[in-house]
Amino acid sequence: MTLTVASWNVNSVKARLPNVLDWLSEAKPDVACLQEIKTVDEGFPRMEIEDLGYNIETHGQKSYNGVAILSKHPIEEVRCGLPGDESDEQARYIEAVISAETGPVRVASIYLPNGNPAPGPKYDYKLAWMERLRLHAKNLLAFEEPLILAGDYNCIPRDSDCWDIAEWESDALALPQTRAAFRALKWLGLTEAFEQLDGRGHQYTFYDYQAGRWNKGHGIRIDHLLCSPQAADRLEAIEIHTKTRGKEKASDHIPIVGSFSL
DNA sequence: ATGTCGTGCTGCGCACGA
């Protein structure tokens, strides 16, 4: 059996609804982790997406942030919010266990803080959030089960993951501390799916709306799937659905889809 | 390029976040 797990920052699920429905209908991912839904739970276009055969769990918020997990298989054990800071009110993390036909797969939809401007309080929040994610991922890895942490990590892992590092080297998405925190996460034993199976430079998942970045090919790779050993062993393909970025009313992010023999 | 989007109210143009 193949289980496909996708991550897509939709930049408002309501503004993006036709694009989201088109993509779900064509790509038919078994599991889709969405970020920046930009709506409270009650505002999520539930019926339209359920009609395509998806179960839905959301962790929404007014105006900003908000994450969701869509699944063609039953969803269990839902957790909303990243542990480690009771005062954090930003909706950036939802996790659930998917009852796939061959067994349970734990999946998280992650919207990691942008962190700009850096340095500053927003960057401090980003780094603290990444450390909380590391501690939580460490606990999840102890289950020794298939685990996929999918999301917008707001991290450019390598210089070759952007069109011109000179434009990004002092940005919160590429600063050494950001990359170090991302590596620390991987050092727990998580495999980054694209790096493992493809690894080419200049394969982008985000093109800013501004300055004609899409038309110029000026993108960055910041959306990632991090896999536990039990998921990485079953990873068979990774695809970036670049075509979605060229459509009318496109999100600035592009879906990334992993295929697992699970 | 001060370049574009999406949200929500200080609201029909602006501030903010990205």
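Here is a short briefing on the fold, the nonpolar cores, one helix and the salt bridges of this structure. The model is predicted, so please read everything below in that light. Chain A contains 7 helices and 12 strands. Its radius of gyration is 17 Å, close to the 18 Å from the globule rule for 262 residues, so the chain is as compact as a globular protein of that length.

**Overall shape and packing**

- Along the principal axes, the C-alpha atoms of chain A fill a box of roughly 45 × 45 × 40 Å.
- Of the 262 residues in chain A, 55% are buried.
- Among contacts in chain A with a separation of 6 or more, 68% link residues that are 24 or more positions apart.
- Chain A has an accessible surface of about 11,400 Å², and carbon and sulfur atoms account for 47% of that area.

**Nonpolar cores**

- The largest nonpolar core has 40 residues, and the members that touch the most others are Ile148, Ile156, Trp168, Ile220 and Phe260.
- Strand β6 gives the most to this core, with 4 residues.
- A second, separate core holds 20 residues, including Leu82, Ile110, Leu133 and Leu185.
- Leaving aside residues up to four places away in sequence, Trp168 touches Ile156, Cys162, Trp163, Leu173, Ala174 and Ile220.

**Helix α3**

- Helix α3 covers residues 121-141.
- With 21 residues at 1.5 Å each, α3 should span 30 Å, and its end C-alpha atoms are indeed 30 Å apart.
- Its buried residues are Tyr123, Lys126, Trp129, Met130, Arg132, Leu133, His136, Ala137, Leu140 and Leu141.
- The cover over these buried residues of α3 includes the strands β5, β6, β7 and β8, together with the helices α4 and α7.
- Leu133 is on the buried list for α3, and Leu133 also belongs to the second core.

**Salt bridges**

- The structure holds 13 salt bridges, and three of them are picked out here.
- Asp88 pairs with Arg132, with 2.8 Å between the closest N and O atoms. Asp88 sits in the loop between β5 and β6 while Arg132 sits in α3, so this pair ties together parts that are 44 residues apart in sequence.
- Both ends of that bridge are covered: Asp88 counts as buried at 18% relative accessibility, and Arg132 counts as buried at 11%.
- Asp161 and Arg221 form a salt bridge with an N to O distance of 2.9 Å. Asp161 is in the loop between β8 and α4 and Arg221 is in the loop between α6 and β10, so the bridge joins parts 60 residues apart in sequence.
- Asp161 is buried at 0% relative accessibility, and Arg221 is buried with a relative accessible area of 1%.
- Glu195 bridges to Lys186, the closest N and O atoms lying 3.1 Å apart. Here Glu195 is partly exposed, at 37% relative accessibility, whereas Lys186 is buried, at 17%.
- Through shared partners, salt bridges join Arg158, Asp161, Glu192 and Arg221 into one network.

Key: Residues are numbered from 1 along each chain as its sequence is written. Chains are lettered from A and ligands numbered from 1 in the order in which they are written. This is a predicted model: local features need pLDDT of at least 70, side-chain atom pairs count only at pLDDT 80 or more; totals for chains, interfaces and linings use all residues. Side-chain values use heavy atoms; hydrogens and water are left out. A salt bridge is a side-chain nitrogen of Lys or Arg within 4 Å of a carboxyl oxygen of Asp or Glu. Helices (H or I, at least four residues) and strands (E, at least two) are DSSP runs, numbered from the N terminus. Buried means under 20% relative accessible area, exposed over 50%, partly exposed in between (1.4 Å probe, protein chains only). The expected span of a helix is 1.5 Å times one less than its number of residues. Contact means heavy atoms within 4.5 Å. The radius of gyration is taken over C-alpha atoms; the globule rule is 2.2 Å times the number of residues to the power 0.38. Accessible areas come from the Shrake-Rupley method with a 1.4 Å probe; for residues, only the protein chains shown count as cover. A nonpolar core is a set of buried Ala, Val, Leu, Ile, Met, Phe, Trp, Tyr and Cys residues joined through side-chain atoms within 4.5 Å.
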